[in-house]
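User: I would like to go through a protein model step by step. Please keep the answers short and end each one on what I asked for.

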Amino acid sequence: MATRPAGSQVSAWRPAVAGVAEVFHAHFVDHAYPRHVHDVWTLLIVDDGAVRFDLDRHRHGALRTSVTLLPPYVPHDGRSATANGFRKRVLYLDTSALDAALVGRAVDQPDLADPRLRDRIHHLHQALGDAGDEFEAESRLALILDRLRQQLGARAPAGVPPPARGLAVRLRELLDARTVEGVTLREAAELLHAHPTHLVRAFSHLHGLPPHAYLTGRRVELARRLLLAGQRPAEVAAAAGFFDQAHLTRHFRRYLGVSPARYPARS
């Protein structure tokens with residue numbers, strides 16, 4: 001078994017979210033990456049410390065306040081810019097996530113000073129860490145990719161009209177019909193003949209909250225009715241569309257301030 005340098009901590013997984021090839025979280029103290037390439041896009045945020053890296057023979061830095069986007073097949077390295085190392089969170093995105101025409105712009109401008117984009121990426125990592133929140137992750141990823149295209153000066157995807165009331169209504173009806181079984185963002189976009197990003201924006205514009213939050217709220221409401229009917233939390237989790245009881249408890253407590261086990265209790 002290979003040993004890690006002192007202080008190194010790594011976790012990595014492949015989520016069930018279209019477009020995300022891998023999630024990678026790491027704390028490195030004295031590890032330095034040699035020059036290498038990825039066959040995917042690398043979307044990086046730094047949580048502590050700073051990173052120095054050379055991309056296509058030009059020196060750059062990744063800071064806590066910025067977002068770093070490294071294009072596929074372009075050589076780069078990486079090392080800590082501080083004595084205490086760095087903590088980072090990385091999303092490796094399939095090449096289909098962003099147009100190949102953006103590679104040159106990403107080489108010229110890998111460092112993006114965009115607090116709103118960084119905040120969105122932070123919340124996406126949180127969603128990716130919770131089993132059962134894949135629909136939320138897909139919605140957040142769609143908005144992140146749209147923001148990246150804007151930052152790199154790309155035009156909006158062809159055929160994306162302004163927010164449409166009818167489209168938002170049809171998505172709400174789809175979510176109401178599939179509250180328990182759920183739906184992926186890609187599947188919803190195909191069923192409604194819309195671009196995923198436009199779908200999220202249209203729904204949020206009309207209903208005042210993103211589609212994943214609407215679906216979670218509907219599931220919590222269903223869970224409340226089932227709990228009041230006498231079902232146990234473990235049974236309710238599956239019947240209301242949650243991944244497991246822990247998934248139900250996390251969202252139920254967030255919405256109602258109490259766990260499912262205590263909700264039906266009489267004072």
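User: How many bridges join strand β4 to strand β7?

Analyst: This is a predicted model. In it, strand β4 covers residues 41-48 and strand β7 covers residues 67-70. The two strands run antiparallel. The number of bridges that join them is 3.

User: Which residue in β7 is the bridge partner of Leu 43?

Analyst: Strands β4 and β7 are joined by bridges and run antiparallel. For Leu 43, the bridge partner in β7 is Leu 69.

User: What is the strand order of the open sheet of 6 strands?

Analyst: Strands of a sheet pair through backbone hydrogen bonds, either parallel or antiparallel. In this sheet the pairing is antiparallel. The edge strands, each pairing on one side only, are β1 (9-13) and β10 (111-112). The order is β1-β2-β9-β4-β7-β10.

User: Which helix packs on that sheet, touching β1, β2, β4, β7, β9 and β10?

Analyst: The strands touched include β2 (20-28) and β9 (86-93). The direction of the helix makes about 95 degrees with that of β4. The helix spans residues 115-128 and is α2.

User: Over how many bridges do β4 and β9 pair, and is β4 mostly covered or mostly uncovered?

Analyst: The pairing of β4 with β9 is in the antiparallel sense, over 7 bridges. One of the bridge partners is Leu 93 in β9, which faces Trp 41 in this pairing. As for cover, 6 of the 8 residues of β4 are buried, and the strand is mostly covered.

User: Is α2 roughly parallel or roughly antiparallel to α3?

Analyst: Helix α3 is made of residues 134-151, and its axis lies 9 Å from that of α2. The two helices pack at an angle of about 155 degrees. Angles over 145 degrees count as roughly antiparallel, so α2 is, relative to α3, roughly antiparallel.

User: What is the handedness of the crossing of α2 and α3, and how do the residues of the contact divide by class?

Analyst: The crossing of α2 and α3 is left-handed. Residues of α2 in the contact include Leu 117, Ile 121 and Leu 124, and those of α3 include Leu 141, Ile 144 and Leu 148. Charged residues such as Arg 120 in α2 and Glu 136 in α3 also take part. The division is 10 nonpolar, 1 polar and 5 charged.

User: What is the strand order of the open sheet of 4 strands?

Analyst: The pairing in this sheet is antiparallel. Its edge strands are β3 (33-36) and β6 (58-62), each of which pairs on one side only. Neighbouring strands are turned by 20 degrees against each other on average, direction ignored. The order is β3-β8-β5-β6.

User: Which residue in β6 is the bridge partner of Arg 52?

Analyst: Strands β5 and β6 pair in the antiparallel sense, over 5 bridges. In β6, Arg 52 has as its bridge partner Gly 61.

User: Why does Phe 53 count as buried or exposed, and which is it?

Analyst: Phe 53 sits in strand β5, residues 51-55. Among the residues it touches beyond four places away in sequence are His 58, Gly 61, Leu 70, Arg 79 and Pro 110. A residue counts as buried under 20% relative accessible area. The value for Phe 53 is 3%, so Phe 53 is buried.

User: How far apart in space are Phe 53 and Ala 81, C-alpha to C-alpha?

Analyst: In sequence, Phe 53 and Ala 81 are 28 residues apart. In space, C-alpha to C-alpha, the distance is 9.2 Å.

User: What is the handedness of the crossing of α4 and α7?

Analyst: Helix α4 (residues 165-177) and helix α7 (residues 211-228) pack at an angle of about 35 degrees, with their axes 10 Å apart. In the contact, Leu 171, Arg 172, Leu 175 and Asp 176 of α4 meet Pro 211, Tyr 214, Leu 215 and Arg 218 of α7. By class there are 5 nonpolar, no polar and 3 charged residues. The crossing is right-handed.

User: What percentage of the residues of the protein chain count as buried?

Analyst: The protein chain has 9 helices and 10 strands. Its C-alpha atoms fill a box of roughly 65 × 50 × 30 Å along the principal axes. Of its 267 residues, the share that counts as buried is 47%.

How values were computed
Residues are numbered from 1 along each chain as its sequence is written. This is a predicted model: local features need pLDDT of at least 70, side-chain atom pairs count only at pLDDT 80 or more; totals for chains, interfaces and linings use all residues. Side-chain values use heavy atoms; hydrogens and water are left out. Two strands pair if DSSP finds at least two bridges between them. Contact means heavy atoms within 4.5 Å. Axes are lines fitted to C-alpha atoms, for helices over the stretch in contact, and angles run from 0 to 180 degrees between N-to-C directions. Angles under 35 degrees count as roughly parallel, over 145 as roughly antiparallel, 65 to 115 as roughly perpendicular and the rest as oblique. A crossing is left-handed if the near helix is turned anticlockwise from the far one by less than a right angle, and right-handed if clockwise. Buried means under 20% relative accessible area, exposed over 50%, partly exposed in between (1.4 Å probe, protein chains only).
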